[in-house]
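Biologist: I'd like to learn how empty space inside a protein is described. Could you walk me through an example?

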Amino acid sequence: MVDKTLLQTFSTITLDEMKSVRLMNRIDTKFVTTTARLLDLLQMASANYRLQSANGKVTSTYSTIYYDTPDHRMFYTHQAGVLSRQKLRFRTYVDSNLTFLEVKTKNNHRRTKKKRITASSMQFTLPEQYEFARRHLQMDVESLQPTLENTFERITLVNKALTERLTIDTNILSHSLLTDCQSMRDNLVVIELKRDALTSSPILDVLRSLRIFPHGYSKYCMGQATTNPSLRLNRFKEKLREIDIIIR
């Protein structure tokens with residue numbers, strides 16, 4: 001858990017104020033670190049960043065269900081390093097009880113676009129949900145099945161120029177809906193810098209000074225890799241070893 005006293009050193013930003021930094025078409029850079037390094041990062045970032053607050057809370061709980069084809073095409077496409085790839089998920093913002101059906105598309109220019117519609121549950125129940133998925137997903141929607149569920153805690157920082165967002169995820173619990181296995185790395189922190197373009201970012205110097213370097217981490221793929229032993233891991237084996245070294 002993040003020290004609440006430390007979070008109180010940040011000025012806050014409301015969800016309404018956040019509307020100008022939705023970044024639905026963006027460049028994402030991920031980092032992996034430990035809870036100890038995270039505390040150092042927060043201390044150094046408080047002067048240049050504001051902390052997102054919703055209904056008086058600065059930490060949020062997320063619950064997600066990912067869908068994939070029976071042959072795990074989304075998982076294997078990501079593992080193969082294909083630049084143009086997609087994921088489909090239902091995500092619930094637990095504290096506000098809001099659920100969305102989302103399609104994330106990463107193009108071959110490494111830009112991420114996210115499309116979403118509201119949903120009443122974390123499964124396909126309405127014709128318009130199928131139509132939305134068919135419109136934005138480049139595969140047969142009817143073949144998809146729920147594959148992985150995860151939950152995590154998130155805090156979100158926004159730079160004072162309102163040009164970027166930094167999400168910090170902890171307590172990531174993965175549960176395979178195919179094998180019923182679970183996995184969680186207690187010391188793992190996944191940071192993601194989201195911005196419209198390669199503009200100057202105050203946090204990058206902080207990350208470098210703490211020796212926190214870019215490191216790809218897909219919560220879907222790593223969750224699958226650690227809960228479904230039937231999957232071929234190939235290049236993900238090395239990524240899992242690297243993560244274990246980082247968070248020792």
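Modeller: Gladly! About 70 Å³ of space lies in the largest cavity of this predicted model.

Biologist: Why is this space called a cavity?

Modeller: The name applies because a 1.4 Å probe fits there but cannot get out. The structure holds two such cavities of 30 Å³ or more.

Biologist: What makes a residue part of the lining of the largest cavity?

Modeller: Lining residues have an atom within 4 Å of a point of the cavity. Ile172, Ser174 and Tyr217 are among those that meet this for the largest cavity.

Biologist: Which element gives the most to that lining?

Modeller: Helix H7 does, with three residues. Strand S9 (164-176), strand S10 (182-184) and H7 (219-227) each supply at least two.

Biologist: Why does Gly223, a lining residue, count as polar?

Modeller: Gly is placed among the polar residues by definition, so Gly223 goes there too. The whole lining of the largest cavity divides into four nonpolar, four polar and two charged residues.

Biologist: How do you know that the second largest cavity belongs with those of 30 Å³ or more?

Modeller: About 40 Å³ of space lies in the second largest cavity, and the cut-off is 30 Å³. Its lining includes Gln52, Lys57, Tyr62 and Arg154. S8 (145-159) gives the most to this lining, with three residues.

Biologist: What makes Lys57 and Arg154 the charged residues there?

Modeller: Lys and Arg both count as charged, so Lys57 and Arg154 fall in that class. The lining of the second largest cavity divides into four nonpolar, five polar and two charged residues.

How values were computed: Residues are numbered from 1 along each chain as its sequence is written. This is a predicted model: local features need pLDDT of at least 70, side-chain atom pairs count only at pLDDT 80 or more; totals for chains, interfaces and linings use all residues. Side-chain values use heavy atoms; hydrogens and water are left out. On a 1 Å grid over the protein atoms alone, a cavity is a set of points where a 1.4 Å probe fits but cannot get out, and a pocket is an open set with protein on both sides within 12 Å along at least five of seven lines; lining residues have an atom within 4 Å of a point. Grid points are joined across faces, edges and corners, and a volume is the space filled by probe spheres set on the points. Helices (H or I, at least four residues) and strands (E, at least two) are DSSP runs, numbered from the N terminus.
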